[in-house]
Amino acid sequence: MSQQMLIAGGSVLNPASYTFAPADIVVSGDTIDAIVAPGSVGSDGRKVVDASSKLVIPGLVNGHNHAQTNLSKGIADRWTLEILLNHAPWTGGRRTLDEKYLSAAIGACEMLRKGCTASYDMFAEFPLPTIEGVNAVAQAYADVGIRASIAPMMADRSFYEAIPGLIDALPEPLREQALAIRFSPFPQSVAVCRELAEDWKFDRMQIRPALGPTIPHHCSDEFLQACGELGRELDLGLQMHVAESKLQAVVARKRYGKSLVAHLDTLGLLKPGFCVAHGVWLDDEDRTRLADQGASVSHNPGSNMKLGSGLADTRSMLARGVNLALGTDGAGSSDNLNMFEAMRLASFVSRVHDRDSSQWLSTREVLRAATEGGAKALGFEGMIGRLEAGYKADIVLLDLGAPHYVPLNDPVNQIVHCEDGTGVHTVIAGGRVLLEAGRFTAFDFDALRARAATAVARLSEVNRASRALSEQLEPYVNQYCSGLAATPLHVAGFCSH
Ligand SMILES: [Zn+2]
């Protein structure tokens, strides 16, 4: 028997006009049955959710995230992306299966608490993904109750091998120690992804498998082509970090003689199920290629600013027809999973490109990216991201009693520019109330705290030697990568910073 629910008395976001009007929402099972005039449908045995003095919006969608990083939030301050990658072996490594579940559950709870009901998760394991690890992460999302596309993050070159000249810039014995960090040959990773997808244990309407070859030049062309073929064969989404830092754009020209996007296009990877994470260092031709192939970009301004990566030109993406999603990135780089903050930052950073104010992102464009745009990027298009009959009942109620809505002048402006997550009152996902009055109703988050403390203590022991190596490597990595990143790109139409 599917549960019937009536969300009554709220002010509901209209998916066409992006304006709010009083309406009730009738939910049947996990789906929105109808959106009706206030009071026009009686409770008739339905569970009634009181939405009076609430703004009602679709659950937000996080376009880019990493489950393994939730145990390492706040661990670093002044790290670039390259320094972060140098430290990745110890910040995300040597996890037990229980710790993989735990890390994912903490992140899912943080997102839920802050009004997000779906996430694109590039979950990483070293030296290759495992069936049990990915299943543990998927189980965590299922237990917390939100949706996810889980793309095992993979490579067949280490960070040290991927950056031309970096290995040679390291002194011995560090060079030898860095060379010992090796990923598995790519056919093994592809085989795991095939087995996972062919024998997927979860409801694909809630949690679906995807592919995550991490960064183009961290993967051989043969690996990328194998991912593209598997994605086409099994209809899997594919997310990659593309042109996140300037160093990546410089390396692309050194390694491929063209941009990363042009190279991926040559390999046949661009398609509607393809999602770029970041896309900071793109040129106009790249954006046109992505738009022409129906690809998405997850814009992650918090991460880009924290790591000093630069600022993506979202107006140029939208102008060419790229599907724009918003994300937080992992807690190791952003360091929170707050989609309201991501929206606020996306709005603000769109204003720094020395353009007329009419070219800045509007708050409606930002809210659309964090809902419908994300839904398409995750492969849930037509299912989530809108409050409309037939869509899944993933619904967030924002409390108009929160100080940032007093007084209420323009709800969409205030959701994007004022809301910080503290106004999230109720969260419903798949027709289940998962958060009520800001408290978890279906998952024991408090039980995770002691487990997290134990896990961090254990991990600091088992990762001690790995951390020491990363710390010894850091000055050499930073000096070499900073020098290489200073290379001029000389690309016409390039977004300069
Ligand atoms: Zn990432």
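**Figure 1. Around helix α8: the buried residues of this helix are covered by elements that include α1 (81–91), α4, β11, α9 (260–266) and α17 (464–485).** This is a predicted model, in which local features need pLDDT of at least 70 and side-chain atom pairs count only at pLDDT 80 or more, while totals for chains, interfaces and linings use all residues. Residues are numbered from 1 along each chain as its sequence is written, and side-chain values use heavy atoms, with hydrogens and water left out. Helices (H or I, at least four residues) and strands (E, at least two) are DSSP runs, numbered from the N terminus. To find the covered part of α8, look for Leu-247, Gln-248, Ala-249, Val-250, Val-251 and Ala-252, which are buried. Buried means under 20% relative accessible area, exposed means over 50%, and partly exposed lies in between (1.4 Å probe, protein chains only). Just after α8, you will meet Gly-257 with a positive phi of about 70°.

**Figure 2. The zinc site: His-64 (NE2), His-66 (NE2), His-241 (NE2) and Asp-329 (OD) are the protein donors of the zinc ion.** They lie 2.1 to 2.7 Å from the ion. Donors are N, O and S atoms within 2.8 Å of the metal (3.2 Å for Na, K and Ca), and sites may look incomplete because water is not among the atoms. What is the geometry of the site? With angles of 86 to 175° among the four donor atoms, the site is irregular. Four donors would count as tetrahedral if all angles lay between 85 and 135 degrees; four count as square planar and six as octahedral if opposite donors are over 155 degrees apart and all others between 65 and 115; anything else is irregular. Along the sequence, the donor residues are spaced H-x1-H-x174-H-x87-D. His-241, in strand β11, and Asp-329, in the loop between β14 and α13, link distant parts of the chain, 88 residues apart. His-241 is buried at 5% relative accessible area, and Asp-329 is buried too, at 3%.

**Figure 3. Gly-59 meets a distant stretch of chain: the C-alpha atoms of Gly-59 and Asp-394 are 5.1 Å apart, although 335 residues separate the two in sequence.** Gly-59 sits in the loop between β5 (54–58) and β6 (60–65). How exposed or buried is Gly-59? Its relative accessible area is 2%, so Gly-59 counts as buried. Setting aside neighbours within four places in sequence, its contacts are Gly-115, Thr-117, Thr-371, Asp-394, Ile-395 and Val-396. Contact means heavy atoms within 4.5 Å.

**Figure 4. Two cis peptide bonds: one joins Glu-172 and Pro-173, and another runs from Ser-334 to Asp-335.** Most peptide bonds are trans. Omega is about 5° for the bond between Glu-172 and Pro-173, and Pro-173 belongs to the loop between α4 (159–162) and α5 (174–179). For the bond from Ser-334 to Asp-335, omega is near -10°. You can find Asp-335 in the loop between β14 (323–326) and α13 (339–349).

**Figure 5. Positive phi without glycine: Tyr-18 has a phi near 55°, and Ala-243 has one of about 55°.** Most residues other than glycine have a negative phi. Tyr-18 is in the loop between β1 (4–13) and β2 (20–28), where it is buried at 2% relative accessible area. Ala-243 is in the loop between β11 (237–242) and α8 (246–255), and its 3% relative accessibility makes it buried.

**Figure 6. Salt bridges, beginning with Arg-194 and Glu-198, whose side chains meet at 3.0 Å, N to O.** A salt bridge is a side-chain nitrogen of Lys or Arg within 4 Å of a carboxyl oxygen of Asp or Glu, and by this rule the count comes to 27. Arg-194 and Glu-198 both lie in helix α6 (residues 186–198), four residues apart, which is about one turn of the helix. Arg-194 is partly exposed at 28% relative accessibility, whereas Glu-198 is exposed at 51%. Another bridge joins Lys-306 and Asp-335 (2.9 Å, N to O). This pair links distant parts of the chain, with Lys-306 in helix α11 (residues 301–306) and Asp-335 in the loop between β14 and α13, 29 residues apart. Lys-306 is partly exposed at 27%, while Asp-335 is buried at 18%. Finally, look for the network of salt bridges that links Arg-368, Glu-372, Arg-386 and Glu-388.
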